[in-house]
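The following exercises concern one protein chain. Please inspect the sequence and the structure before reading each solution.

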Amino acid sequence: MQLSLILACVWAIAANVVAMVPSKSNHWRQAYGLIAVGVPILGYVTYQNGPWVGLIVLAAGASILRWPLIYLGRWIKRTAFKGPAE
């Protein structure tokens, strides 16, 4: 198994462990850290294994970090699809 896939699996395990630990901030700080570490790992996986494996790892990461993606989508929808300025 290649190093990039091992790192992606370790990231997924770490994300699941973080999700099990109680947090007063609803895990937002940990989610930002996971995103900061996960993006370079995703690039490394895509570089070593190709775009299809990269898309699979992206889908796995998106399923773990779905709430930041939901809020990002809401923010984009709110800012990009505003009505005409008054």
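**Exercise 1.** Is Tyr32 buried or exposed?

*Solution.* The model is predicted: local features require pLDDT of at least 70, side-chain atom pairs count only at pLDDT 80 or more, and totals for chains, interfaces and linings use all residues. Residues are numbered from 1 along each chain as its sequence is written, and side-chain values use heavy atoms, with hydrogens and water left out.

Step 1. The classes are set by relative accessible area: buried means under 20%, exposed over 50%, and partly exposed in between (1.4 Å probe, protein chains only).

Step 2. Tyr32 has a relative accessibility of 52%, so this residue counts as exposed.

Step 3. Trp28, by contrast, counts as partly exposed because its relative accessibility is 25%.

**Exercise 2.** Determine the aromatic pairs in which Trp28 takes part.

*Solution.* Step 1. Rings of Phe, Tyr and Trp (its six-membered ring) pair if their centres lie within 6.5 Å; planes under 30 degrees apart count as stacked, over 60 as edge-to-face and the rest as tilted. The structure holds three such pairs.

Step 2. The ring centres of Trp28 and Tyr32 are 6.1 Å apart and the planes stand at 40°, so this pair is tilted. Both residues belong to helix H2 (residues 28-49), where a spacing of four residues separates them by about one helical turn. Helices here are DSSP runs (H or I, at least four residues), and strands are runs of E (at least two), numbered from the N terminus.

Step 3. Trp28 also forms a tilted pair with Tyr71, at 5.5 Å centre to centre and 50° between the planes. This pair links distant parts of the chain, as Trp28 is in helix H2 and Tyr71 is in helix H4 (residues 66-80), 43 residues apart. Tyr71 is partly exposed, with a relative accessible area of 41%.

Step 4. Trp28, Tyr32, Trp67 and Tyr71 form one aromatic cluster.

**Exercise 3.** Describe the surroundings of Trp11.

*Solution.* Step 1. Trp11 lies in helix H1, and its relative accessibility of 11% makes it buried.

Step 2. Contact means heavy atoms within 4.5 Å. With neighbours within four places in sequence left aside, Trp11 is in contact with Leu34, Val37, Gly38, Ile41, Gly61, Ile64 and Leu65.

Step 3. For one of these residues, Gly38, the C-alpha to C-alpha distance from Trp11 is 7.1 Å, although the two are 27 residues apart in sequence.

**Exercise 4.** Which residues make the nonpolar surface patch of about 500 Å²?

*Solution.* Step 1. The patch consists of Met1, Leu3, Ile6, Leu7 and Val10. Patch residues have over 30% relative accessible area and no salt bridge; like charges are joined within 9 Å, and nonpolar side chains (Val, Leu, Ile, Met, Phe, Trp, Tyr) within 5 Å. A salt bridge is a side-chain nitrogen of Lys or Arg within 4 Å of a carboxyl oxygen of Asp or Glu. Areas come from the Shrake-Rupley method with a 1.4 Å probe; for residues, only the protein chains shown count as cover.

Step 2. Ile6 is placed in helix H1 (residues 3-20) and, at 38% relative accessibility, is partly exposed.

**Exercise 5.** Summarise the chain as a whole.

*Solution.* Step 1. The protein chain has four helices and zero strands.

Step 2. Buried residues account for 16% of its 86 residues.
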